[in-house]
Amino acid sequence: MNEFHRPVMLNECLEGLDIKPEGIYLDLTFGGGGHSREILTHLSQKGCLYAFDQDEDAAQNALNIEQSNFHLIEANFRFFQRYLKLYGVRQVDGILADLGISSYQIDTPSRGFSTRFEGPLDMRMNAKIEKTARQVLHEYPEEALHKILGIYGEVKNARTLAQAIVRARSNQTLETVDDFKNLLQKYAPPRKEFKYFAQVFQAIRIEVNDEMAALEEMLQQTTEVLRPGGRLVVLSYHSLEDRLVKTFIQKGKFQGEIEKDFYGNTLGIKFKPISRKPIVASQEEIAINNRARSAKLRIAERLAD
């Protein structure tokens with residue numbers, strides 16, 4: 001459980017939020033509560049923190065937080081603006097999102113996230129949703145599997161693997177992590193099996209949890225919820241997430257060129273990047289917390305309309 005409570009780039013995230021003691025802040029990915037607990041130490045009783053997490057296990061970690069200015073909302077962050085309105089909150093001073101999955105989720109065999117443990121092909125961040133990894137592998141047509149593996153996992157032999165999955169499921173059921181790994185082993189590049197497994201599992205996990213669409217929806221809401229001068233702080237763990245966050249901060253949208261008016265003034269840009277390049281973890285932190293190895297931190301400030 002220690003890994004579950006070890007937040008990545010904690011100090012950098014706090015500096016990025018530029019916390020005001022009486023401000024209102026959001027932790028959109030509560031997880032083990034490490035970031036939230038530290039944010040609370042910087043808030044007065046007039047300040048407030050709203051945390052979100054769709055994982056029931058994560059909610060258990062909030063039980064010992066007794067501050068009255070802390071509120072945990074058990075929901076996917078794609079709905080955060082809707083839930084804030086129920087609390088009468090329209091705008092906030094800072095938003096933190098630590099994307100991806102926690103080490104606790106990875107290290108729990110029954111969740112099926114990790115290639116290191118035998119377990120069911122589940123991969124749901126929210127156990128209440130119906131779609132599982134098993135369903136994706138057994139029910140998706142070949143073209144859909146090809147697209148998921150290629151885009152979400154950046155798997156080089158995505159088409160070949162998609163064909164192999166369709167063939168395999170007609171003769172056997174892919175029920176467990178080991179069932180799936182035995183199939184993948186035949187198509188993994190020599191001496192790069194672990195990286196290949198990770199890419200494939202990432203692709204399936206993203207599809208099961210609709211992660212990219214949820215991230216887009218969340219980012220779009222930040223422009224309305226963050227007050228001018230407020231900070232957006234996002235930790236991502238793979239290039240797809242980071243590219244999406246970077247593009248949104250730079251252009252105010254997810255694709256296409258920056259729009260300009262007749263006079264050449266830019267349109268639609270709502271944020272100013274605080275650092276030109278993403279912040280990465282120190283070697284000291286990576287040595288202590290391996291999850292920090294692939295982390296990229298982007299910080300942006302909400303511009304006045």
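E154 is partly exposed, with a relative accessible area of 39%. In this predicted model, E154 sits in the loop between α7 (142–152) and α8 (158–171). Its backbone deserves a look. The phi of E154 is positive, near 50 degrees, and the residue is not a glycine.

R191 can be read alongside it. Phi of R191 is near 65 degrees, again a positive value in a residue other than glycine. R191 lies in the loop between α9 (177–185) and α10. At 79% relative accessibility, R191 counts as exposed, because the cut-off for that class is over 50%. Another positive phi belongs to D18, near 50 degrees. D18 follows helix α1.

Now step back into α1 itself. This helix covers residues 10–17, and its buried residues are C13, L14, G16 and L17. Seen down the axis of α1, they fall within an arc of 160 degrees, so they line one face of the helix. The general geometry helps here. An α-helix has 3.6 residues a turn, so residues three or four places apart point the same way. The face of α1 turned away from the buried side carries the exposed residues N11 and E15.

What covers the buried residues of α1? The cover includes the helix α2 (34–41). It also includes β1 (24–27), β4, β5 (226–236) and β9 (296–302). Two of these elements, α2 and β4, can be followed through single residues.

Start with E38, which is placed in helix α2. E38 is partly exposed, with a relative accessible area of 28%. Leaving aside neighbours within four places in sequence, E38 is in contact with L10 and L14. L14 is one of the buried residues of α1. E38 can also be placed relative to N11, on the exposed side of α1. E38 and N11 are 27 residues apart in sequence, and their C-alpha atoms are 9.2 Å apart in space.

Next comes D93, in strand β4 (residues 92–98). Is D93 buried or exposed? At 12% relative accessibility, D93 counts as buried, because the cut-off for buried is under 20%. Its side chain has a polar partner: a contact of 2.9 Å joins the side chains of D93 and R227. Beyond its neighbours within four places in sequence, D93 is in contact with G23, I24 and Y25. It also contacts L226, R227, G230 and R231. L226 and R227 lie within the range of β5 (226–236).

Helix α10 opens the next part of the tour. R205 is placed in this helix. At 10% relative accessibility, R205 counts as buried. Not counting residues up to four places away in sequence, R205 touches G100, I101, F113, M123, M125, E211 and H238.

α10 also leads to the largest pocket. This pocket has a volume of about 1100 Å³. It is lined by 32 residues, and the closest to its centre are I106, A198, Q202, R293 and S294. The elements that give two or more residues to this lining are α5 (103–106), α10 (193–209) and α12 (239–251). Which element gives the most? That is α10, with seven residues. By class, the pocket lining has eight nonpolar, 13 polar and eleven charged residues.

There is an enclosed space as well. The structure holds one cavity of 30 Å³ or more. About 530 Å³ of space lies in the largest cavity. Of the 39 residues that line it, the closest to its centre are T29, D53, D98, L99 and G100. G100 has already appeared, as one of the residues that R205 touches. α2, α5 and α11 (211–225) each supply at least two residues of the cavity lining. The largest share, four residues, comes from α11. By class, the cavity lining has 15 nonpolar, 15 polar and nine charged residues.

The last stop is E257, in the loop between α12 and β6 (259–260). At 63% relative accessibility, E257 counts as exposed. Its C-alpha atom and that of N69 are separated by 42 Å. Along the chain, E257 and N69 are 188 residues apart.

Notes. Residues numbered from 1 in each chain as written. Predicted model: local features only at pLDDT ≥ 70, side-chain atom pairs only at ≥ 80, totals over all residues. Heavy atoms only, no water. Buried < 20%, exposed > 50% of the residue type's maximum accessible area, 1.4 Å probe, protein only. Polar contact = N/O pair within 3.5 Å; in protein donor to acceptor, adjacent residues only side chain to side chain. Contact = heavy atoms within 4.5 Å. Arc of directions from axis to C-beta. 1 Å grid on protein atoms, 1.4 Å probe; cavity = no way out; pocket = protein on both sides within 12 Å on 5 of 7 lines; lining within 4 Å. Points joined across faces, edges and corners; volume = space filled by probe spheres on them. Nonpolar A, V, L, I, M, F, W, Y, C, P; charged D, E, K, R; others polar.
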